[in-house]
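Thanks, everyone. Let me put the structure up, and then we'll walk through it.

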Amino acid sequence: MEHRRRGPDSHAHRTEGEHHGTEPDSPGHRLTTQPGPRRRGLVVHLAVQPGVYPLVDFFADALDEALRHGAVVAGAEIAVCRRRGPDFIPDAHGFTLSAGGAENTGANTRFCAPAGLSKARANSTAITFGTCVFCWHTRGVPEFPAPAGSRKPQGPDEPCVLLKLGEIVLKGRNRQQFERLLHGNIRAAVRDLGMPVDLRQREGVILLRVTDGEERGEAGWAQAAGQIAERMRDVPGIARVCLPLRVAKTPEAVSAAAMSLTKGTSGTFAVRARRRDKRFPLTSGELSVLIGREIQEAHGLGVNLSHPDTTVFIEVDQDEVFVFTEGMAGQGGLPVGMSGRGVVLMSGGIDSPVAAYRMMRRGLRCFFLHFSGMPLTGPESIYKAYALVRGLDRFQGGSRLFVVPFGKAQQALKSSGADRLLIVAQRRLMLKTGEALARRLGAATLITGDSLGQVSSQTLTNITALDDAVQLPILRPLIGWDKIEIMAEARRIRTLAISELPDQDCCTLLTPRRVETRARIDDLRRIEIRLDAEDLAEELARSAHEYRQENP
């Protein structure tokens, strides 16, 4: 790379490998050293001026442009951190050199205004003379870039929501499909809140900003971010929900945010820093020490890196820094809809809602099918099923409930001589009806809340007989769970209280005194031939009534 600019000694730059010798120090050259070793892989060749450090000469073009000066600035003191070595400098702006701050964090620069530079011209330069303004931005990254057509971005200390992705980050070439589907689910979830939200995808995280936050005021802004964060906790595909302060990429802003979050706390603390922007000049450890020292001096808190009472998280991103002290657990799993569609046989009990939730977390969009005992029973079981579906709707949105009156079909099975096989026979008929409905809805699987050995109809032999009834796969996410585990999960997702409400379930109607635990498939098929079960299932599927929650 040929330089046409001439140095202060009036000698032209020489090509790489043709170095000037070391000269005595002069007032115009504070730092005079032999050039260091060549950086491996550096595309730009460093030509060296006499008496000028090679990395300083590398920044000469940027400095000249900033200072509107025709040559390298005389009187500039530049000290390069030895720990970071020459690899540190090229990753920063040409004229964004650090000043002050922690020891061994980069370059320390003090610029003196060149003679003859007017005051107006000096004020128009990108560098403040006397003491350089520190900026942590990396090459080519603006402070708060605004999307096209948007107004000026929010200022420092902006409350926002940061969503940490779970196993989505482990995906390969199809990862963008998972992220796009998750974006749609997030937008659908916040649409119910009536808040304008700006969504931005980052590396492994999603940033949500309240676009009208400034109009809401400081308290309203923070409250809106809190409501969004609480809603995001129920969206599958999100592992953790954080409420950080979004601050500028300067040490003053990060320190101020960290000290504000730790104000009024007691006990010990720790700082956990990470960099998604690996071009950031400080390592995660150096940033933790820098901010930790500020917090310790300001509040006098003790340091405990193993079990702190308060943990300050600092995450350096491309455009800003996020500072927060805690996070909330999300649902994890995969975005709903990524794994296809399925029909859940919703009984109204404790097990089937939990089974539906577990499959939603695995990316399955669920339709719900409930069999009521009408006209032999009242509508109480329908109310329970609707309440359960409404409670589960917060995990996927747009849930649809189909109710089939099953009382007359149960009477037909009773009169067919099923006797001890009645429970297994009617469950096979329910599965056939669910399969017929699944074909109409484009679903590829059925989901039940079966748990191995929990009741007589869920023995291994009877489960095998149920699988024989349909061609679609039957998913049983609770097959290895006991009742205590299922109830604990139902309590966590807030469906247990509804499931425990009394009602007259169709499964309790016409129940024989003894239930077969080792049903034979041939005997069940003979009963279905007498009833023409295939046509009956199609008729039941056509008679299904849909109940869908209407948005206000």
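I'll cover the nonpolar cores, then the aromatic pairs, then a surface patch.

One caveat up front: this is a predicted model.

Start with the cores. The largest nonpolar core has 36 residues. Which residues have the most contacts inside it? They are Val343 and Leu429.

Now the elements behind that core. On the strand side, E14 (341-345), E15 (365-372) and E16 each supply at least two residues. On the helix side, H10 (407-415), H11 (422-441), H12, H15 (521-531) and H16 (533-542) each supply at least two as well. Which of them gives the most? Helix H11, with nine residues.

Look at Val343 for a moment. Leaving out residues up to four places away in sequence, Val343 touches Phe367 and Leu369. Val343 also touches Gly434, Ala438 and Leu441. Then come Ala443, Thr445, Leu446 and Ile447.

There is a second, separate core, this one of 27 residues. Among its members are Val336, Val354, Ile447 and Ala490. Notice Ile447: Val343 touches this residue, yet Ile447 belongs to the second core.

As background, nonpolar side chains in soluble globular proteins tend to be buried together.

On to the aromatics. The count is three aromatic pairs. I'll show two.

First up, Phe313 and Phe324. Their ring centres are 5.3 Å apart and their planes sit at 20°. Planes under 30 degrees apart count as stacked, so this pair is stacked. Phe313 lies in strand E11, residues 310-316. Phe324 lies in strand E12, residues 321-324. The pair therefore ties together parts that are 11 residues apart in sequence.

Are the two rings' residues buried or exposed? Phe324 is buried, at 3% relative accessibility. Phe313 is partly exposed, at 28%.

Next, Tyr357 and Phe395. This pair is tilted, with 4.9 Å centre to centre and 55° between the planes. Tyr357 sits in helix H8, residues 351-361. Phe395 sits in the loop between helix H9 (380-392) and strand E16 (400-405). That is a link between distant parts of the chain, 38 residues apart. Both Tyr357 and Phe395 are buried.

Last stop, the surface. Leu452, Leu460 and Ile479 make a nonpolar patch of about 280 Å². Take Leu460. This leucine lies in helix H12, residues 460-467. Its relative accessible area is 61%. The cut-off for exposed is over 50%, so Leu460 counts as exposed. Helix H12 also supplies at least two residues of the largest core.

That's the tour. Over to you.

Conventions:
Residues are numbered from 1 along each chain as its sequence is written. This is a predicted model: local features need pLDDT of at least 70, side-chain atom pairs count only at pLDDT 80 or more; totals for chains, interfaces and linings use all residues. Side-chain values use heavy atoms; hydrogens and water are left out. Rings of Phe, Tyr and Trp (its six-membered ring) pair if their centres lie within 6.5 Å; planes under 30 degrees apart count as stacked, over 60 as edge-to-face and the rest as tilted. Helices (H or I, at least four residues) and strands (E, at least two) are DSSP runs, numbered from the N terminus. Buried means under 20% relative accessible area, exposed over 50%, partly exposed in between (1.4 Å probe, protein chains only). Patches are made of residues with over 30% relative accessible area and no salt bridge: like charges are joined within 9 Å, nonpolar side chains (Val, Leu, Ile, Met, Phe, Trp, Tyr) within 5 Å. Accessible areas come from the Shrake-Rupley method with a 1.4 Å probe; for residues, only the protein chains shown count as cover. A salt bridge is a side-chain nitrogen of Lys or Arg within 4 Å of a carboxyl oxygen of Asp or Glu. A nonpolar core is a set of buried Ala, Val, Leu, Ile, Met, Phe, Trp, Tyr and Cys residues joined through side-chain atoms within 4.5 Å. Contact means heavy atoms within 4.5 Å.
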